[in-house]
Amino acid sequence: MSLSIIGGRLIDPANGIDEQLDLHIEGETIIAVGKPPGGFVADESIDATGLIVIPGLVDMAASLREPGYTAKGTLESETLAAAKGGITTLVCTPDTEPVIDTPADIEFIHRMARKLQQARVLTAAALTHNLEGRQLSSVAALKAAGCVALSNARKPLANTLVERRALEYAATFDMTVFLRPEDRHLHAEGCAHEGAVATRLGLPGVPSAAETVAVARDLALAEHTGARVHFRALSTAGSARMLREAQAAKLPVSADVAVHQLHLTEMDVEGFDARCHVSPPLRTLADRDALRQAVAEGTIAAICSDHQPHDPDAKDAPFPDTEPGISSLETLLALTLRLVEEGVLPLQEAIARVTCGPADLLRLPYGRLNVGLPGDVCIFDPEDHWTLRTDQMISEGRNTPFEGWEFSGCVTHTLFNGRVIYRKA
Amino acid sequence: MASRHDNSIQLNDDGRLRHFLTIEGLDKDLLTTILDTAESFAALPGRPVKKVPALRGRVITNLFFENSTRTRTTFELAAKRLSADVLNFNVSTSATSKGETLLDTLRNIEAMHSEMFVVRHSQSGAAHFIAEHAAPGVSVINAGDGRHAHPTQAMLDMFTIRKHKGEFTPLRVAIVGDILHSRVARSQILALNTLGVTEVRVVGPRTLIPTEARTLGVHVYHDLEAGLRDVDVVIMLRLQKERMDGALLPSEDEYFQLYGLTNERLEVAKPDAIVMHPGPMNRGVEMDTEVADGPRSVILQQVSYGIAVRMAVMSMCMQTHAANGGEA
């Protein structure tokens, strides 16, 4: 099977390419960018005139819910949703049931994903046994089984000695550690940013310090241990500032941001809108703008979906009793393109944050269109204006506050390993 | 932009009260109408509260997910004075920690043709949630949700203030104590500002004042004497005993020494200042017995005015539904 994508504007930030170029794929692999090799005849060609051709998106954090929470989503439903969103590589979080903390758990996910052939599903395995923050995971065995990172998911490590040991042990095997920085005592029973809106609505607040205290602690331990630390889903201006300073001091630390944090603020919680119940909480406009700046300058090199699909009941309760999270695979690209429209960063940079940016942080060769790499491609129509309707979503989770938002830029084709896995009707 | 729920769910298209969930979003005219309606129900001196046939044959359900005999009783009395039939449900919060159970509870009681729910719940936003899911023609009255709102308490406090002070415009009001956890304080602040008082002050240690308190439209004081100077109304809030365990305060004794109201401290307030408390009161913690029982205390009047105010709110919401053709 061979395929050519003809006449599109090809943007490949990793290689600094932004021009009209064709892309040729033979089997699973990219074989040429620009002119086809001599004698190459494609079995199929996609007319990409007027469309933009980019690497398949790489999403550093998505909860796929399987095993254990299949009422919220399955590997099948969520990878289909990813395909519709142009995402071809995603890292699933370990907070499943059972927790992904053994080679067998990793193998289960990888085997299922290989069977589905909808996306490259990678795993971030639990940093500690059962995410309990006490006993280290078998890092060497997990690495051998193919996990790409270790993660504390949304369970903050309470014990700094365990954290130190976990970072040291992970560093022994040169593994990146994902940390969701959160001081559990300062977080307490909080469910919304401790600011003007939560104060008025009487919602228990999560102070910014719940994150910055943990970032400061984690940075100190990163420096002490030399471990590669990646902060997940930053939400505050203070964290962005500390990260910038740490990078300037050459610490091997990085971060991502959930795409909704770049668009929503505490104001969106108004009226007890449980769709906007997320963790970390939506913060102030100043925080949002600081995160946007950190993304624009590259301090935060990856924008991720932080996808958390839920069953309807999970959001059908008084705000503090609802489960946090947004179903967001299908809006990652659209919300990233919206940053370009709003002048936050240029198109090529924006695409880098959802392709080679996260791939580089994971030290993986994806998120780029090099000859010899897998044919993972996203094609989108920048002039296709569409409105998000939850009843048209593929994900099992319809929990999104972006319902009714109008977007510019819609995925027309997604290719994974050289095969068209999504084609817009 | 995304569709939003907002406070307008408590008003119908004509701006009349369908539910009573929060003071937020209600204007001065509407609050004044509530007070005027309450006035018509209020007991004349020396005579019992009138019983009126306004809600004869209607079913009102007290749905209390948090225990409160006192508040439930005043709502029950108010409903009975309006000739309504009253159902009381005390649902232990532990049994309904899941949303679906809360909705199931609601559906079950709706099936009994109840036209009004009086709801108390430990989570902020619970009354909004129930109002959003209630069948058309069913009114929801918030009898306290988490730290969010307790609008009937705030309105009975406004009623008490108006009784004693006449008009709101020149008044300075100090609210003293645990603002952070207080739904009463949030509703009082909104009501006082909507009714146009000169100044609302909150007084307490930093641990009990929200960091963003100023955004509520108040001046923040940490010193009781400075906070009480020249005020017309002093509202003391209840200090929950469990706050002592959470590293919010060192001891009841130190709290009383710094923020307890005594006749001596009250001297800096206006000579005719009144003292209020939403109850139940901890004597010797929030205030001295001689203040509580003294000539400036209007605490017991608050309780009796509460019935008239709740009658007013219930009848207004029911009339809105009747006007909309919403009765069963």
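Where in chain A does Pro98(A) lie? To find out, select the loop between E9 and helix H2 (103–116) of chain A, which is the place of Pro98(A). Keep in mind throughout that what is on the screen is a predicted model.

**Unusual backbone in the loops of chain A**

With Pro98(A) selected, add Glu97(A) and look at the bond between them: the peptide bond that joins Glu97(A) and Pro98(A) is cis, with omega at about 0 degrees. Next select Ser279(A) and Pro280(A), whose peptide bond is likewise cis, with omega near 0 degrees; Pro280(A) is found in the loop between E16 and helix H9 (285–297) of chain A. Then go to Arg65(A), in the loop between E8 and helix H1 (75–84) of chain A, and check its backbone, where phi is near 75 degrees, a positive value in a residue other than glycine. As background to these stops, most residues other than glycine have a negative phi, and most peptide bonds are trans.

**The parallel sheet of chain A**

Now select the strands E8-E9-E10-E11-E12-E15-E16-E17 of chain A, which in that order form an open sheet of eight strands with parallel pairing. At its edges stand strand E8 (57–62) and strand E17 (302–304) of chain A, each of which pairs on one side only. If you follow the sheet across, the twist averages 30 degrees from one strand to the next. For a closer view of one pair, take E8(A) and strand E9 (residues 87–92) of chain A, which run parallel and are joined by four bridges; here Ala62(A) has Cys92(A) in E9(A) as its bridge partner.

**Two helices beside each other**

Keep the sheet displayed and add helix H7(A), which lies across strand E12 (177–179), strand E15 (229–231) and strand E16 (253–258) of chain A, and runs at about 165 degrees to E15(A). Then add its partner for the next view: the axes of helix H7 (residues 209–225) of chain A and helix H8 (residues 237–248) of chain A come within 9 Å of each other and cross at roughly 15 degrees. Because of this angle, H7(A) is roughly parallel to H8(A), and the crossing of H7(A) and H8(A) is right-handed. To see the contact itself, show the side chains of Glu211(A), Thr212(A), Val215(A), Ala216(A) and Leu219(A) on H7(A), together with Gly238(A), Ser239(A), Met242(A) and Ala246(A) on H8(A). Sorted by class, the contact of H7(A) with H8(A) has five nonpolar, three polar and one charged residues.

**Antiparallel strands further along chain A**

Move on to strand E18 (residues 377–387) and strand E19 (residues 406–416) of chain A, which run antiparallel and are joined by eight bridges; within this pair, Ile379(A) has His413(A) of E19(A) as its bridge partner. Extend the selection to strand E20 (residues 419–423) of chain A, which runs antiparallel to E19(A) and is joined to it by four bridges, one partnership being that of Phe416(A) with Arg419(A) in E20(A). E19(A) and E20(A) form a hairpin with two residues between them, and in the turn Asn417(A) has a positive phi of about 50 degrees.

**Chain B and its two domains**

Switch to chain B and colour it by its domain assignment, which gives domain 1 (7–149 + 304–323) and domain 2 (151–298). The C-alpha centres of these two domains of chain B lie 25 Å apart, and 26 residues of domain 1 of chain B are in contact with 21 residues of domain 2 of chain B. On the domain 1 side, the elements that give two or more residues are helix H1 (28–41), strand E4 (139–145) and helix H10 (299–323) of chain B; by class, this side has 13 nonpolar, six polar and seven charged residues.

A further selection in chain B is an open sheet of five strands with parallel pairing, in the order E7-E6-E5-E8-E9. Strand E7 (219–221) and strand E9 (274–276) of chain B each have a single partner strand, so one side of each is left without a neighbour in the sheet. The twist averages 20 degrees from one strand to the next. Zoom in on strand E6 (residues 199–203) of chain B, which runs parallel to E7(B) and is joined to E7(B) by three bridges, and find Val202(B) opposite Val220(B) in E7(B).

**Where the chains meet**

Finally, display both chains and select their contact, which takes 31 residues from chain B and 25 residues from chain A. On the chain B side, helix H3 (99–110), helix H4 (126–133) and helix H6 (183–194) are the elements that give two or more residues, with the largest share, four residues, coming from H3(B). The residues on this side of chain B divide into nine nonpolar, 14 polar and eight charged.

Technical notes:
Residues numbered from 1 in each chain as written. Chains lettered and ligands numbered in written order. Predicted model: local features only at pLDDT ≥ 70, side-chain atom pairs only at ≥ 80, totals over all residues. Domains from an automatic or database assignment. Contact = placed C-beta atoms within 7 Å. Nonpolar A, V, L, I, M, F, W, Y, C, P; charged D, E, K, R; others polar. Axes fitted to C-alpha atoms, helices over the stretch in contact; angles between N-to-C directions. Parallel < 35°, antiparallel > 145°, perpendicular 65-115°, else oblique. Left-handed = near helix turned anticlockwise from the far one by under 90°. Pairing = 2+ DSSP bridges.
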